[in-house]
Amino acid sequence: MSTDTSTRIPEAALKQARDAVGTGPIPARTALRKILGVGWQTATDIHDRLTSEREQHQSERKRGLRAAMARVQARGPRPRHLRLPSRPRLAPAPEPATMPTLAPTPVEPETVQKIKVADPVPAAPTPVRTWPVLGLILPAFVAIWSGWVDLGRLTGFGVVRPFPGIPGADRIQINTAITLPVGLETYAAFALYVWLSGRIHGRALTFARWSAIGSLALGAAGQVAYHLMVAAGWTSAPWWITTIVSCIPVAVLGMGAALAHLVRSPA
């Protein structure tokens, strides 16, 4: 004997359950107890009632769909009347408009600006080390100094008192033979520097070139004459060698003053 559960379900609780579920899934019995605040048996009855109503609704919907499909199939497809579009009336073509003749606009050639690119700055060259020259100066200085001093002795240069009659200074003595290497060789080195420095032009460069060559040639000739006389055992130089050697200090003074004037001249 079956028991009708519709009499045991409160209508208010059933309506509240229907509103809470709607078309969504039916909650479990435990969730229904918490939502509705009812006992276990009431929640079970409500769950069964909602499940049966959902199944009944779905079965009715399926029957309605099958009936509608059967009616459509029994009626057959409806004929479709095609409407042909009416042919539009074409408007007469407008007369072509006369285009005005435009004079050609002269196009000025584009001016290309030349961008002057700066030349790359060359890397500074590594300076050549000149300290090995110091090793050459000492032996050359000894040979040249001794040769000129002894040549001065053979040509009449010797010890003199340059300050006679001056109290206290009249005892100073100087060997004038040292003026030969100091004057001539110093001027030759200075003229050679002016010639090869690259900073002097014009008459100063020409004068420095030829005077440097002449000074070096005269110095070499003096060394040759001295060694020849010493090798021959001469105790005094011939008169013409004495004349040339005696003029060396005066010539060095003139050439040095002239070269200094040309170097400082603005021309």
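**Figure 1. Packing of helix 6 against helix 7 in the predicted model.** In this predicted model, helix 6 (residues 203–232) meets helix 7 (residues 239–264) through Arg203, Ala204, Phe207, Ala208, Ser211, Ser215, Leu218, Ala225 and Met229. On the side of helix 7, the residues that take part are Ile241, Ile244, Ile248, Met255, Ala258, Leu259, Leu262 and Val263. The two helices pack at an angle of about 160°, with their axes 11 Å apart, and helix 6 and helix 7 are therefore roughly antiparallel to each other. The crossing in which helix 6 passes helix 7 is left-handed.

**Figure 2. Surroundings of Ser211 in helix 6.** Ser211, which is placed in helix 6, has a relative accessibility of 6% and so counts as buried, the cut-off being under 20%. Its side chain reaches the backbone oxygen of Phe207 at a distance of 2.7 Å, and both Ser211 and Phe207 are among the helix 6 residues that meet helix 7. When neighbours within four places in sequence are left aside, Ser211 is in contact with Tyr187, Ala191 and Met255, and Met255 belongs to the helix 7 side of the packing between helix 6 and helix 7.

**Figure 3. Surroundings of Ile248 in helix 7.** Ile248 is located in helix 7 and is buried, with a relative accessible area of 5%. Residues up to four places away in sequence not being counted, Ile248 touches Trp148, Leu180, Leu184 and Leu218, and Leu218 is one of the helix 6 residues that meet helix 7. The C-alpha atom of Ile248 is separated by 8.2 Å from that of Gly183, although these two residues are 65 residues apart along the chain.

**Figure 4. Thr155 in the loop that follows helix 4.** Thr155 lies in the loop that runs between helix 4 (133–154) and strand 1 (159–160), and with a relative accessibility of 6% this residue counts as buried. The side chain of Thr155 reaches the backbone oxygen of Leu151 at 2.9 Å. With residues up to four places away in sequence not counted, Thr155 touches Ala237, Ile241, Thr242 and Val245, and Ile241 is also among the helix 7 residues that meet helix 6.

**Figure 5. The aromatic pair formed by Phe141 and Trp145.** A pair of aromatic rings is described by the distance of the centres and the angle of the planes. The count of aromatic pairs, taken with centres within 6.5 Å, comes to one. The rings of Phe141 and Trp145 have centres 5.5 Å apart and planes at 35°, so the pair is classed as tilted. Both residues lie in helix 4, four residues apart, which corresponds to about one turn of the helix. Phe141 is partly exposed, with a relative accessible area of 46%, and Trp145 is likewise partly exposed, with a value of 30%.

**Figure 6. Crossing of helix 2 and helix 3.** The axes of helix 2 (residues 29–36) and helix 3 (residues 40–75) come within 9 Å and cross at roughly 110°, which makes helix 2 roughly perpendicular to helix 3. This crossing of helix 2 and helix 3 is right-handed. From helix 2, Arg29, Thr30, Leu32, Arg33 and Leu36 take part in the contact, and they meet Trp40, Ala43, Thr44, Ile46, His47 and Asp48 in helix 3.

**Figure 7. Crossing of helix 1 and helix 3.** Helix 1 (residues 11–21) and helix 3 have axes that come within 11 Å and cross at roughly 55°, and the two helices are therefore oblique to each other. Helix 1 passes helix 3 in a right-handed crossing. The contact is made by Ala13, Leu14, Ala17, Arg18 and Val21 of helix 1, together with Ile46, Arg49, Leu50, Glu53 and Arg54 of helix 3. Ile46 of helix 3 is also listed among the residues that meet helix 2.

**Figure 8. The chain from which the close-up views are taken.** The chain has seven helices and two strands, and along the sequence these elements follow the pattern α-α-α-α-β-β-α-α-α. Of the 267 residues of the chain, 21% count as buried. Among contacts between residues at least 6 apart in sequence, 62% join residues at least 24 apart.

Conventions
Residues numbered from 1 in each chain as written. Predicted model: local features only at pLDDT ≥ 70, side-chain atom pairs only at ≥ 80, totals over all residues. Heavy atoms only, no water. Buried < 20%, exposed > 50% of the residue type's maximum accessible area, 1.4 Å probe, protein only. Polar contact = N/O pair within 3.5 Å; in protein donor to acceptor, adjacent residues only side chain to side chain. Contact = heavy atoms within 4.5 Å. Phe/Tyr/Trp six-rings, centres within 6.5 Å; stacked < 30°, edge-to-face > 60°. Axes fitted to C-alpha atoms, helices over the stretch in contact; angles between N-to-C directions. Parallel < 35°, antiparallel > 145°, perpendicular 65-115°, else oblique. Left-handed = near helix turned anticlockwise from the far one by under 90°.
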